[in-house]
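Okay, thanks everyone, let me get the picture up on the screen. I'd like to spend a few minutes on aromatic rings.

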Amino acid sequence: MPRFSVIVPVYRVQEYLPECLDSVLGQGGPDFELIAVDDRSPDGCGALLDEAAARDPRVRVLHLPENVGLGRARNAGLEVATGEYVIFLDSDDTLTPGLLKAVDDRLAAGDDPDILVYDYARTYSDGRITRAASAHVFGADSPDVFDLDRRPDLLDLLQVVWNKAYRRGFIAEQGLTFPAGYYEDTPWTYPALLAAASITLLDQVGVHYRQRQEGGNILATASRKHFDVFAQYDLVFAFLDRRPDLDRWRPVVYGRMLHHLNTVVSRPGRVPPGDRREYFRRAAEHCARLRPAGYKAPAGVDGVRTELLSHGRYGAYQTVRALAKARRLLGRA
């Protein structure tokens with residue numbers, strides 16, 4: 001049994017795929033398998049994967065008969081994974097040198113916890129590499145191994161699946177799978193962190209997260225598919241419904257959900273302009289149904305925005321945004 005299964009779903013990344021594969025296959029240290037899932041990519045990715053598998057026995061390629069999307073492609077990789085731990089990597093990103101050895105050492109020191117979390121850096125086409133703003137979370141004083149009650153600030157991190165190593169037995173115990181649609185990481189990462197009995201941190205950049213400008217990033221593509229965020233949080237709260245022992249986390253998760261809903265609608269290029277009022281209506285219905293007792297909105301402009309969004313106050317929200325922008329411009333002047 002290999003120590004790690006690195007699962008890489010692949011779709012329309014022919015330009016970046018060789019660098020991604022090399023970043024995994026160049027890792028030293030523990031045994032691993034690389035499971036590459038060709039999600040019916042229409043370019044030359046499938047052939048590149050087959051060539052890599054012919055050169056390196058650690059590579060296993062799954063060619064899916066139809067395009068199923070990122071989440072379900074990851075599920076296909078999970079079904080055949082045999083490693084003690086599972087790591088997910090997007091096919092336009094790369095692992096940093098020596099990551100698997102550092103992760104293995106940290107896991108061994110923590111007696112193989114359920115989850116290990118590492119940091120990431122954004123990389124740009126001009127060569128810049130910028131560590132995420134979350135670096136302070138990893139540098140904070142902390143027990144070596146803990147649960148979320150000891151470090152609730154982990155929920156302030158970007159909730160993505162690809163900055164963690166998961167014990168495969170833990171995945172099976174919790175029945176974790178990815179849904180279809182955009183924001184598929186959300187119903188995986190929240191239940192995983194909430195349910196984990198043992199978590200450890202590695203204060204190291206483990207992934208270089210490529211910032212693509214040519215439309216390859218779905219988060220920069222205007223589409224009604226961004227409405228999927230509502231269904232994904234329904235899955236998170238359905239998990240909490242099944243786990244009354246975790247009820248104390250409802251207000252926290254609700255607050256993080258509001259922050260996420262606000263991010264989706266406030267970032268340019270996501271929700272099409274003609275659909276923004278509908279997004280606010282959906283948000284109001286969604287929040288009225290899920291708002292837990294005891295939730296208190298944060299102070300400041302962010303709290304005002306999220307409260308207006310949660311009540312569907314589109315006009316007032318736009319006014320607050322305009323005022324905040326005017327203040328920023330005056331401050332610069």
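I'll go through some ring pairs, and then two arginines. Keep in mind that this is a predicted model.

So, how many aromatic pairs does a search of the whole structure find? The count is 17. Here's one of them: phenylalanine 178 with tryptophan 188. Their ring centres are 4.2 Å apart and the planes sit at 5°, and with planes under 30 degrees apart counting as stacked, that makes this pair stacked. Phenylalanine 178 is in the loop between α6 and α7, while tryptophan 188 is in helix α7, 10 residues away, and the pair links distant parts of the chain.

Are these two buried or exposed? Phenylalanine 178 comes out at 4% relative accessibility, so it counts as buried. Tryptophan 188 is buried too, at 0%. And they have company: ring pairs join Phe88, Tyr166, Phe178 and Trp188 into a cluster.

Next, have a look at phenylalanine 230 and tyrosine 279. Here the centres are 5.0 Å apart and the planes are at 45°, so we call this pair tilted. Phenylalanine 230 belongs to helix α8 and tyrosine 279 to helix α10, so the pair ties together parts 49 residues apart in sequence. Phenylalanine 230 is buried, with 2% relative accessible area, and tyrosine 279 is buried as well, at 0%.

Now for those arginines. Arginine 128 has its charged end over the ring of tyrosine 124, 4.1 Å from the centre. Arginine 151 lies over the face of phenylalanine 146, and there the distance to the ring centre is 5.9 Å.

That's it from me, thanks.

Methods: Residues numbered from 1 in each chain as written. Predicted model: local features only at pLDDT ≥ 70, side-chain atom pairs only at ≥ 80, totals over all residues. Heavy atoms only, no water. Phe/Tyr/Trp six-rings, centres within 6.5 Å; stacked < 30°, edge-to-face > 60°. Helix = DSSP H or I, 4+ residues; strand = E, 2+ residues; numbered from the N terminus. Buried < 20%, exposed > 50% of the residue type's maximum accessible area, 1.4 Å probe, protein only. Lys NZ or Arg CZ within 6 Å of the ring centre and 35° of its normal.
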